[in-house]
Amino acid sequence: MKVGDIVQQVCRYSGEKIPRSTSVITAVYDWPGNEQMDLLLFHNLHTGMPQRMGRQYQEHYEVVIPCKQDQ
């Protein structure tokens with residue numbers, strides 16, 4: 001995963017993407033065996049506003065739109 005990727009949270013039990021969990025990665029920490037990242041959640045269900053989320057585990061998310069790198 002890399003900064004700028006659009007991701008969705010994945011249910012640990014069913015493996016399905018969780019609706020309304022769409023976020024953009026703002027920072028990546030590739031620590032071996034403990035890969036984490038910071039996210040900006042596009043739509044918080046309680047406030048309706050974007051919400052910053054720090055240090056989420058990469059294994060709990062799946063990339064839905066990869067970031068396009070400038071060439």
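Is Lys2 buried, partly exposed or exposed, and what is its relative accessible area? In the predicted model examined here, Lys2 is partly exposed, with a relative accessible area of 29%. This value lies between the limits of 20% and 50%, and the residue is therefore assigned to the intermediate class.

Lys2 takes part in one of the 2 salt bridges that the structure holds. Its partner is Asp5, and the closest N and O atoms of this pair are 3.2 Å apart. In contrast to the lysine, Asp5 is buried, since a relative accessible area of 2% falls under the 20% cut-off. The salt bridge between Asp5 and Lys2 thus joins a buried acidic residue to a partly exposed basic one.

A salt bridge is also formed between Glu62 and Lys17, for which the closest N and O atoms are separated by 3.3 Å. This pair connects distant parts of the chain, the two residues being 45 residues apart. Glu62 belongs to strand E5 (residues 61-65), whereas Lys17 is placed in the loop between strand E1 (6-9) and strand E2 (23-29). Both partners are partly exposed: the relative accessible area is 35% for Glu62 and 38% for Lys17.

A further loop position was characterised at Gly48, which is located between strand E3 (36-41) and strand E4 (51-57). With a relative accessibility of 35%, Gly48 likewise counts as partly exposed. The C-alpha atom of Gly48 lies 19 Å from that of Asp38, a residue 10 positions away along the chain.

Notes
Residues are numbered from 1 along each chain as its sequence is written. This is a predicted model: local features need pLDDT of at least 70, side-chain atom pairs count only at pLDDT 80 or more; totals for chains, interfaces and linings use all residues. Side-chain values use heavy atoms; hydrogens and water are left out. Helices (H or I, at least four residues) and strands (E, at least two) are DSSP runs, numbered from the N terminus. Buried means under 20% relative accessible area, exposed over 50%, partly exposed in between (1.4 Å probe, protein chains only). A salt bridge is a side-chain nitrogen of Lys or Arg within 4 Å of a carboxyl oxygen of Asp or Glu.
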